Amino acid sequence: MSSVIVVGLSGPSSSGKTTIALNLIKLFPHAVVIHQDDFYKSDSQVPTDADTGFQDWDCPLAFDMDKLVQTIQSTRKQLEDLPECGKAVEAHSSFASQWANPQKDVNSILPPKALDSLRDTVLHRLDVNSTEEIPFSLILVDGILLFYDDANNESPGAECDTGLFIYAQYETLKQRREARSAYVTKDGIWEDPPGYFDSVVWPNFVKYHSNLIAAHPEITDKKAASVGGQKSAHVVNAAVCSSDMPFKDTLDVCVESILGEWSRRQQMQAQR
């Protein structure tokens, strides 16, 4: 039985993926984080949107998807080959990605007591006394296009064992994206031109996630209430939830997905 779980954290730009990942490594310290943003192609290779003339940083062709998939696969193998299921691995420094842009108050978004309570739940469910005894390692893959529509099933999401698709209401996403500063790219600096969210970011999100949105129309319904924890057959074994709901609830859904995947493996092992 593999002791490595690959967790996909996906959703539209500014939905809160990195904030979730930063808090997950507080609960599961034996984790490696891979940012899809670090697999952008060089600036000159990023395609131009035909309708607006803007560079399109929010489409699959802007990324080196093959390299990302290979990195997930090789990281999984490296962790599986390590003694003690890769417990020596700590990758907190991997959040140096300029594109990740987590909230400035990421370390205070969840009160310490709430985090401690969730950690106690994890330890109890796994029947261990400390996080050092957690019997598996995580690979957290964070990106806007992990679970995009792909007829060949070659998207990075195919490498994920479980995950979370995080969305937020249109106005929330727009406000967060437009509040961001310039991004450091491989070859320079990128700053969203005026109207970029409405003309490129949002249309691309809808375009490349049509199957998921068809199964979960609340994702693009501006009047829909926040929904949490619904499983989607269109996204590997991932849960779909809104970051408009309280942060702890969103984190709870992701933790449950991880624990559920480990429980599923144990049950399969017991049946052999």
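In which helix does leucine 115 lie? Select leucine 115 and you are in helix H3. Helices (H or I, at least four residues) and strands (E, at least two) are DSSP runs, numbered from the N terminus.

This is a predicted model, in which local features need pLDDT of at least 70 and side-chain atom pairs count only at pLDDT 80 or more, while totals for chains, interfaces and linings use all residues. Residues are numbered from 1 along each chain as its sequence is written, and side-chain values use heavy atoms, with hydrogens and water left out.

**The whole chain**

Show the protein as a cartoon. There are seven helices and eight strands. Colour by burial next: buried means under 20% relative accessible area, exposed over 50%, and partly exposed in between (1.4 Å probe, protein chains only). Of the 272 residues, 53% are buried. A contact means heavy atoms within 4.5 Å. Among contacts between residues at least 6 apart in sequence, 76% join residues at least 24 apart. Turn on the surface: the accessible area is about 12,600 Å², and carbon and sulfur atoms account for 48% of this area. Accessible areas come from the Shrake-Rupley method with a 1.4 Å probe; for residues, only the protein chains shown count as cover.

**Helix H3**

Return to leucine 115 and select residues 112–126, the 15 residues of H3. The end C-alpha atoms of H3 are 21 Å apart, which agrees with the 21 Å expected at 1.5 Å a residue; the expected span is 1.5 Å times one less than the number of residues. Now pick out the buried residues of H3: Ala114, Leu115, Leu118, Val122, Leu123 and Leu126. These buried residues pack against helix H1 (17–27) and helix H7 (247–271).

Leucine 115 counts as buried because its relative accessibility is 10%. Leaving aside neighbours within four places in sequence, leucine 115 is in contact with Lys26, Leu27 and Leu110. Add leucine 24 to the view: its C-alpha atom is 9.9 Å from that of leucine 115, although the two are 91 residues apart along the chain.

**Two loop residues**

Step on to aspartate 127, in the loop between H3 and E3. Phi of aspartate 127 is near 60°, a positive value in a residue other than glycine. Most residues other than glycine have a negative phi. Is aspartate 127 buried or exposed? Aspartate 127 counts as exposed because its relative accessibility is 70%.

Then select serine 14, in the loop between E1 and H1. Serine 14 also has a positive phi, of about 75°, although it is not a glycine. At 5% relative accessibility, serine 14 counts as buried.

**Nonpolar cores**

A nonpolar core is a set of buried Ala, Val, Leu, Ile, Met, Phe, Trp, Tyr and Cys residues joined through side-chain atoms within 4.5 Å. Which residues touch the most other members of the largest core? Select Ile34, Phe63, Ile139, Leu145, Phe165 and Ile219, from a core of 41 residues. Elements that each supply at least two residues of this core include strand E1 (4–10), strand E2 (31–35), helix H2 (65–81) and strand E3 (137–143). Helix H5 gives the most, with seven residues. Apart from this core lies another, of 37 residues, among them Ile5, Leu22, Leu24 and Ile134.

Zoom in on phenylalanine 63. Not counting residues up to four places away in sequence, phenylalanine 63 touches Gln36, Asp37, Phe39, Tyr40, Lys41, Trp57, Ile144 and Leu145.

**Aromatic rings**

Phe63 also belongs to one aromatic cluster with Tyr40, Phe54, Trp57, Trp190 and Tyr196. Rings of Phe, Tyr and Trp (its six-membered ring) pair if their centres lie within 6.5 Å; planes under 30 degrees apart count as stacked, over 60 as edge-to-face and the rest as tilted. The structure holds twelve aromatic pairs. One of them joins tyrosine 170 and tryptophan 202, edge-to-face, at 5.2 Å centre to centre with 80° between the planes. Tyrosine 170 lies in helix H4 (residues 170–179) and tryptophan 202 in helix H5 (residues 196–208), so the pair ties together parts that are 32 residues apart in sequence. Both residues, tyrosine 170 and tryptophan 202, are buried.

**Cysteines**

Finish with the cysteines. A disulfide is a pair of cysteine sulfur atoms within 2.5 Å, and the structure holds zero disulfides. Select cysteine 241: the nearest cysteine sulfur is that of cysteine 254, 7.9 Å away. Cysteine 241 counts as buried, at 0% relative accessibility. Cysteine 160 is buried too, with a relative accessible area of 4%.
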